[in-house]
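Subject: Handover of a structure

Dear colleague,

Please find below the structure that I am passing on to you. My notes on what was found in it follow directly after.

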Amino acid sequence: MGPPADQSWQWEAPCGMLITDARGKVLRANATLSRWLGYAESEMAQFQLAQLLTVGGRLFHQTHLAPLLQMQGSVAEVQLQLRHRDGQALPVLAAIERGADAEGNRVDHHAFMVAADRRKYEQELLGARQRAEAALEERRAALESLRQKELELRKANEQLKLIDLRKDEFLAVLAHELRNPLTPMRSGLDLLAMRNNQDPVVQRVLGVFDRQVALMSRLVEDLMDVSRIGKGKLQLKREPVLVSMLVRHAVELATPLFSKASQTLHVAAGADCTLDGDPVRLTQMLVNLLNNASKYTHAGGSAWIRFERQENEAVITIRDTGIGLEPERLSEVFTLFSQVDSATERAQGGIGIGLGLVKGIVELHGGAVSAHSAGLGHGSEFVVRLPVAATPPGALTPAERSTQSAG
Amino acid sequence: MNILQRNNVTVSGSGPVTMIFAHGFGCDQNMWRLLAPCFAERFTTVTFDLTGSGRSDLSAYDRARYDRLEGHASDVLAILDAIDAGPAVIVGHSVSAMVGLLAAIEQPRRFLAQVMVGPSACYLNDGEYLGGFSKADIDELLDTMDMNYLGWSSAMAPTIMGAPDRPALAEELTNSFCRTDPEIAKHFARVTFTSDYRSVLPRSQVPALILQCSDDIIAPLTVGQYMHRTMPMSELKIIDNVGHCPHLSAPSASFDAIDSFLKRLGV
């Protein structure tokens, strides 16, 4: 067997070449391929192509290459494994083209290139794909877990909101129900007081009842107000009101408490200004702060209430020499029922509504309230900031006019 | 995901009898593109991708379920249920010929006939039984799977579709082949080439056509002859063809053989 003279270059080519007939019988093989497989060129013609392939190569050839050749007449860059005479596998890349010989018989032309690195390349490619998929999967799992957590959080939030809503409703009903028996109790007490009974024991008991019913009524009212604020149902009866007036009224209402505890309440007046607010509610708010100052200050202590105008804000400061606040409590004192967890504070007669109500009323007026303290034993300071009313110049109060001329 | 989406089921043709085509190892339903349309005039034809192959839902490939061919046989029955098929003929190539046999043994009344293209009940030589492969051959073959993944997965795709005028489709198909998980391909190869279903052959009660190529190194003539001897109600038809895929390389001869078999049965 020898190549035609005009094709001799092919037979010296640096690739293996092979021609088979339609049934896969080897017709010719070039020197390069014969050498790779360990045969003499003359020996190659005894083989079927299948005999030169490994088992896997044969399977792949039959299930993939042969149908491809049948359908498109050629295949290229397909990995196969040839079998060396000594049994060793030779990995090659194959290109096969279907054609016809001079007599018109079907023949397949095969060209093989040694491709020893192909496996490594495939492994690397697969490794990279697997790594990318693993990373993607990890990311997907992380996102999914995040999504789940968000969902759980949202559910928990919704449940909390529901619980909060139910709590508010419960408190509203409770306050309402508590107020009903208080009214006849108050009337009964008033009737008894009118009887002019001089018995000191009766007088003392009546006094106790009177104070306790008053305290209870105030707590119930506060509770109702808090509930109204929570539901957005607290209606403000707004009108222009002087800060100095608010402070004066609040001081009047709180003074008995301070007197009883032998405490001194100092009032410091700064520049006055007008607010657009509900005088009853604003006074209630200041009284709450003053009551608070008295309640948490020891007998004989002092408290100060100061008001002034700072730009477009009225600033009212209530300071005391009382027990003070721990730094970590400062942010939570305005939270409703924040005192309920402290037995000491409960003993002081608070259920944590007062400051919550203060915050609610101040915020309804577009203002803000903050608490300050240098720590336990160093007293507390509450600062209320309320926006000054945009009153036309003609409507300025005398106090405001004097402030402006002084400025 | 329902089974029709999961196994990328394609239903065409029309006729009271359903002909379901199950592809062999290493490819997908496109292997039937030359043969299945020939039957579409008389039959409702169904092609699909085995779970883990082609464009089936790869995530549905459960190693425990598909550790035996019975898993795929159940899928075939479920697909027939899902399309509410009446009497059916199952045409299975290579490993799927055995899948079809298992389905027909499971529900014999559902099938009028079974066509087994290049089947093998056992690839391994065992005493007097000549399956065509030694243990070392099978080991080497499975090893080849490891090293020739890209060849297995992508070489076929563009051309099988015969879609030079529709490059997007060819590309899409190549991508779907490339997506085939090499671990699934290896597992399926192991299940296929180490399977031995010789013992179930006598239980076949559905008329069977064993279509054998005259020169097929994967399913040699000895295998076809053994199956014909062992299966009741079977016929052996040898097509003069080199290779393992007569439905691609000799579609006309394959059609003639199947068609005359079915006509003889009155189907």
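**Chain B as a whole**

In chain B, 77% of the contacts (heavy atoms within 4.5 Å) between residues at least 6 apart in sequence join residues at least 24 apart. This is a predicted model, in which local features need pLDDT of at least 70 and side-chain atom pairs count only at pLDDT 80 or more, while totals for chains, interfaces and linings use all residues. Residues are numbered from 1 along each chain as its sequence is written, chains are lettered from A and ligands numbered from 1 in the order in which they are written, and side-chain values use heavy atoms, with hydrogens and water left out.

Chain B has twelve helices and seven strands (DSSP runs, numbered from the N terminus: helices are H or I of at least four residues, strands E of at least two). Of its 267 residues, 58% are buried (under 20% relative accessible area with a 1.4 Å probe, protein chains only; exposed is over 50%, and partly exposed lies in between). The chain exposes about 10000 Å² (Shrake-Rupley method, 1.4 Å probe), and carbon and sulfur atoms supply 51% of that area.

**B:Arg42**

B:Arg42 is found in the loop between helix H2 (36–39) and strand S3 (44–48) of chain B. It is partly exposed, at 33% relative accessible area. Beyond its neighbours within four places in sequence, B:Arg42 contacts B:Ser14, B:Gly15, B:Pro16, B:Asp259, B:Lys263 and B:Val267. B:Ser14 is 28 residues away along the chain, yet the two C-alpha atoms are separated by 6.3 Å.

**Helix H9 of chain A**

Helix H9 of chain A covers residues 354–364, and its buried residues include A:Leu355, A:Leu357 and A:Ile361. The buried residues of H9(A) pack against helix H5 (200–230), helix H7 (279–295), strand S11 (368–373) and strand S12 (380–387) of chain A. After the helix comes A:Gly366, with a positive phi near 80°.

**Cysteines**

The structure holds zero disulfides (pairs of cysteine sulfur atoms within 2.5 Å) over all chains. B:Cys213 is in no disulfide, and the nearest cysteine sulfur, that of B:Cys245, is 7.8 Å away. B:Cys213 is buried, at 2% relative accessibility, and A:Cys273 is buried at 0%.

**A cavity**

The second largest cavity (a set of points on a 1 Å grid over the protein atoms alone where a 1.4 Å probe fits but cannot get out) is lined by 13 residues, each with an atom within 4 Å of a point. A:Thr63, B:Phe25, B:His93, B:Ser94 and B:His244 lie nearest its centre.

With kind regards

Terms used: 1 Å grid on protein atoms, 1.4 Å probe; cavity = no way out; pocket = protein on both sides within 12 Å on 5 of 7 lines; lining within 4 Å.
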